[in-house]
Amino acid sequence: MNDNIWILTSADSIAIATTLILAALGALFTERSGVLNLGIEGVMLTSAISAFLAADASGSIWLGLIIGSIVGAIMAAIHAVLSVVFRANQIVAGLALVIFGTGLANFLGKPAEGKTVTTVILPLSFGPLSDIPVIGPIVFGQDIVTYFALFIAIVSSLFLFRTRPGLELRATGDDPATVDAQGLSVAYIRIRYTFIGGLLVGLGGSWLMLAQSAAWHQASTTNGLGWIALALVVFAGWRPNRIIFGAVLFGFTLQLPFTLQAEQITIIPSAFMQMLPYLATLIALIALSRPGGRNLLGAPKALGTPFVRDER
Amino acid sequence: MNDTSHEVAQGSHHLGGVAPTALSAHNIVKRFPGVLANDNVDFDVRAGEVHTLLGENGAGKSTLAAILCGLYQPDSGYLLRNGKPMHLSSPRAGLQHGIAMVHQHFRLVDRFTVSENVILGSRDLGFRLNRKEINEQVAAVAESFGLPIDPNAVVGELSVGQRQRVEIVKALYQGAEILLLDEPTAVLVPAEVEKLFDNVHSMTKAGKSIVFISHKLGEVVEISDRVTVLRNGRVTGHVSGKGTTDTRELARLMVGRDIELNAQRATHPIGHEVLQIRNLSLSINEVEVLSDVSFNIHAGEMVGIAGVAGNGQRELADTIAGLISPASGSITISGAMTTDRGPIQAREVGLAYVPEDRLGMGLVPSMSILDNLLLTRDRKVIVDRTSIRPEASRLIDQFEIKANGPDHLARKLSGGNAQKVLLARELSGGRSATKLLVVCSPTRGLDVGAIETVRSLLNDARSAGQAILLISEDLDEVMSLADRILVLYRGAVVHETPGATASLSTVGAAMAGLLENGGV
């Protein structure tokens, strides 16, 4: 019995980690191009409700995931236009996106209140493999999106460090003037990866909705996971493969209080445990919004800085 | 990369026995709002030669170079590559025709390795990067032109000279046949300049063409096969023949009149001690930027600080100006301790400061000339513009500032005029008469005419008995103006010599850190 709970905790933390991996990868691509999108939480919420509505209306989970991802990309595109085309302050634009996204999601979510999605994403079946004790439910008990998230994280790492476009992406985040001098368009690269980032964040939000929550709980649907994803990118040092470990760790920490409560272990107050990831996030975000802090953390050098070509 | 045939060009400049013209520009006209930057300019460069574009800032040489590499498009006129017409719509198009620009401010990503930088933007590579293969290719290109460089070195850890080499290797890797070098020596120490010139020679031997852009007469004479002089957007002269050129003649072509750049060190009495610095040390982010610096300056004396950028010069100036508190040591201006007392206290006792960053630290760009003058003058609560207006107008005349009067916004001034405003403010005295003037790179980016004015203003201030600390990366400037030269290397004074007897090679070696400490 006890063992079972711990296994379930591990399996559940991997589930939370899936959302975190997708959202953090989205933020990572955005930030590697030099754009700081603090609006991840708002993007996720809007995607979540869009996915819910689409799935509810069509009866197709997959259509829900697709619509949710596209909505995420559109939300990120708003940020891209504000910060790349109009060179707005990216911190302000990002915070505005959170407020806008939360408001929009709550508005869209009115008809969804009290409803649940009838079909949920089911874990893949690996036949006998899923029945292996301990390892079975954790490794082979996940759904396709989780495996997809892991796959994307590994591919992203190869993309960033082993390909020519990846090199160009990293260069854009570090030194846009150099990229510009090579005849590459900084604006195009930044808009493209902010958009792609939004797609991933949107997928994370949609999946959270359809596979985890199954019911719309307004802002507590995402419950700050968007912010945690931002912090995760910082802790991962802007490296996709480290995001996997970070996400599992955060996922476990988020899940642990529930298990402790269920097991009636009261050595550590569960509220304290619940607070920890958010505390870590707060610290990471403070560091992220200060230029000195960004340098210290090894952030892309031009992160948050609009690019203006030297006018002669 | 460039598949146009290398048949002998039929360009008009082609003479028997001379290498064919690789690139030529004809009747180039380029207008910017209110400025005719290039007025019917002709220019050509042959395979295997160094052709220099000489001119003051604003003479149009950078505009012409930008047109040659595809950054700008001319309003009229045309370009020929190997005798065939071509149109360059972007720097990328320029590269496709084998023309590359090495910018003065390097276009390199500090965190990337040498080879990552070299291949950045290269379209010939596939999606995947094969690091080993790329490193080999980059090393091979570098070797073949005598530019040894480690492809795996991180650019941010290289010296300025090495970074420049990376830029050149990058251009060569991308298949450049014609390299435009924009003020390449501005950032180098003398030893590095020599190396650069060696590299230029090995490139020209391999048939590459070099367009060398400069305003430094000495090096132009040394490196160039031919020189084209630009002034006010027009070609004022062609000079050819290596080593036979007279710098005086070139200077005349460049400025349009005879000039005296080497303002003579006036013989004048040196007075009492104005600035005294004792054992000044400073660390920023746990990096030691000033280490046990001690020196003094007397009234009527100009002390020059030579050194490669980033060896503590700026921090030294900021510390004297009271903007930074040192970790230890003391600063005394006119007998008053100003260490840790802040900038206002330093100014109260007679400090004037011309920082390197004119529009960032020196002037407020969004304010008028008048308001900028007021900054150091008036500490009343209510701003009194009327009483200072006549003086502002007088200073504008006296310093020959090109502006529409005292209300002209600082950001709308050219570099030279902004510097003159700054000097006008600092030299004319603020709340108290100027006793010590600290100037950083006072002539950087200015044209020859303005340089002459600024240097003679500094000389006048010295003759008037002010103590001057001249901090400049322009070694010629320090050598020709300063009574005493201190060389700063890694925050320490490693060499001190009287200006009159200073030797370029010794000072240069000290700047490069090749002299042992205390080489007096």
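Student: What percentage of the residues of chain A count as buried?

Tutor: A residue is buried if 20 or more other C-beta atoms lie within 10 Å of its own. In this predicted model, 48% of the 312 residues of chain A meet that description.

Student: Which radius of gyration does chain A have, and how should one read the value?

Tutor: One compares the value with that of a compact globule, which for 312 residues would be near 20 Å. Chain A has 19 Å, so the value agrees with the expectation. Along the principal axes, the C-alpha atoms of chain A fill a box of roughly 70 × 40 × 40 Å.

Student: How many helices and how many strands are there in chain A?

Tutor: Chain A holds 13 helices and zero strands. Read from the N terminus, its elements are therefore written as α-α-α-α-α-α-α-α-α-α-α-α-α.

Student: What percentage of the contacts in chain A join residues at least 24 apart?

Tutor: Two residues are in contact if their C-beta atoms lie within 7 Å. Taking the contacts in chain A between residues at least 6 apart in sequence, 79% join residues at least 24 apart.

Student: Which domains does the assignment give for chain B?

Tutor: The assignment gives domain 1 (21-255) and domain 2 (274-511). Their C-alpha centres lie 33 Å apart, and ten residues of domain 1 of chain B are in contact with ten residues of domain 2 of chain B.

Student: Which elements give two or more residues to the side of domain 1 of chain B that touches domain 2 of chain B?

Tutor: They are helix 6 (190-205) and helix 8 (247-255) of chain B. The residues of this side of domain 1 divide into six nonpolar, three polar and one charged.

Terms used: Residues are numbered from 1 along each chain as its sequence is written. Chains are lettered from A and ligands numbered from 1 in the order in which they are written. This is a predicted model: local features need pLDDT of at least 70, side-chain atom pairs count only at pLDDT 80 or more; totals for chains, interfaces and linings use all residues. Helices (H or I, at least four residues) and strands (E, at least two) are DSSP runs, numbered from the N terminus. The radius of gyration is taken over C-alpha atoms; the globule rule is 2.2 Å times the number of residues to the power 0.38. A residue is buried if 20 or more other C-beta atoms lie within 10 Å of its own, exposed if 12 or fewer, and partly exposed in between; C-beta atoms are placed from the backbone. Domain bounds come from an automatic or database domain assignment. Ala, Val, Leu, Ile, Met, Phe, Trp, Tyr, Cys and Pro count as nonpolar, Asp, Glu, Lys and Arg as charged, and the others, Gly among them, as polar.
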